[in-house]
Amino acid sequence: MGILDDMGRLMDAAAKNPRPGLSESIAMAADAAEQAAQFRDAAAGVSGATAGAPGFNPFQNAAAYNAAVRGSGTVTAIVDTGQRFGDTPIYDISLTVTIDGREPYEVVHRQMIAAAALGNWQPGKTTLVRVDPADPTKVMLG
């Protein structure tokens, strides 16, 4: 009977937790998708900038991430674009990308950065990047 008791407790806890209804959840998801599309479209206007992922399909993003060339990026400049995703500012980060066997080159990457993480993006900081083998100006972090 332990399992049935546990299921009953879970159902009771779920009933007590306020959560948005289906229509509110769909509206919130649509709003987030619309904001993300605006963020993507704004990034497309910056030479070589990406929002960090090729699109909204997680399977395509994972495939692109796995096919990308690993390297490092050193921050040379960071500029607030004045845009926001929710309350989080969006920045254009200038990086010097270094990949084994290639000359280092400059790229601009558009990224939203929370205030608490801003110290990690100051000039001179280095991060891991993955570079699209077909277009080295497209980078993903990590």
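The following exchange asks how the labels given to this predicted model follow from its computed values.

Me: What kind of model is this, and how are its residues numbered?
Reply: This is a predicted model, in which local features need pLDDT of at least 70 and side-chain atom pairs count only at pLDDT 80 or more, while totals for chains, interfaces and linings use all residues. Residues are numbered from 1 along each chain as its sequence is written, and side-chain values use heavy atoms, with hydrogens and water left out.

Me: How many helices and strands are there in the protein chain, and what pattern do they follow?
Reply: The protein chain has 3 helices and 5 strands, and along the sequence they read α-α-α-β-β-β-β-β. Both kinds of element are DSSP runs numbered from the N terminus, helices being H or I over at least four residues and strands being E over at least two.

Me: What makes S1 and S2 a pair of strands?
Reply: Two strands pair if DSSP finds at least two bridges between them; S1 and S2 are joined by 10 bridges and run antiparallel, so they meet that criterion. Among the bridge partners are Ala77 with Ser94 in S2, and Phe85 stands opposite Thr88 in S2. The two strands form a hairpin with 2 residues between them, and Gly86 in the turn has a positive phi of about 70 degrees.

Me: How do you know that S2 also pairs with S3, and what lies between them?
Reply: S2 and S3 run antiparallel and are joined by 8 bridges, with Thr96 standing opposite Glu106 in S3. Their hairpin has 6 residues between the strands, and Gly101 there takes a positive phi near 85 degrees.

Me: Which strands does S4 pair with?
Reply: S4 (residues 126-132) pairs with S1 (residues 69-85) in the antiparallel sense over 6 bridges, where Gly73 has Thr127 as its bridge partner and Ser72 has Leu128. S4 also pairs with S5 (residues 135-141), again in the antiparallel sense, over 4 bridges; a hairpin of 2 residues joins S4 to S5, and Arg130 stands opposite Met140 in S5.

Me: What makes Arg130 a charge that sits over the ring of Tyr65?
Reply: The term requires NZ of Lys or CZ of Arg to be within 6 Å of the ring centre and within 35 degrees of the ring normal. The charged end of Arg130 sits over the ring of Tyr65 at 4.0 Å from its centre, so the distance satisfies the first of these limits.

Me: Why is the contact of Arg110 and Asp92 called a salt bridge?
Reply: A salt bridge is a side-chain nitrogen of Lys or Arg within 4 Å of a carboxyl oxygen of Asp or Glu, and the side chains of Arg110 and Asp92 meet at 2.7 Å, N to O, so the label applies. Because Arg110 lies in strand S3 (residues 105-112) and Asp92 in strand S2 (residues 88-98), the pair ties together parts that are 18 residues apart in sequence.

Me: Are Arg110 and Asp92 buried or exposed?
Reply: Buried means under 20% relative accessible area, exposed means over 50%, and partly exposed lies in between (1.4 Å probe, protein chains only). Arg110, at 6%, therefore counts as buried, and Asp92, at 16%, is buried too. In S2, 8 of its 11 residues are buried, while 25% of the 142 residues of the protein chain count as buried.

Me: How many salt bridges does the structure hold, and how do Asp80 and Arg84 fit the term?
Reply: The structure holds 2 salt bridges, one of them between the side chains of Asp80 and Arg84 at 3.4 Å, N to O, which is within the limit for the term. Asp80 has a relative accessible area of 35% and is therefore partly exposed, as is Arg84 at 41%.

Me: What makes Met7 partly exposed, and where is its place?
Reply: Met7 has 45% relative accessibility, and therefore counts as partly exposed; its place is in helix H1 (residues 2-16).
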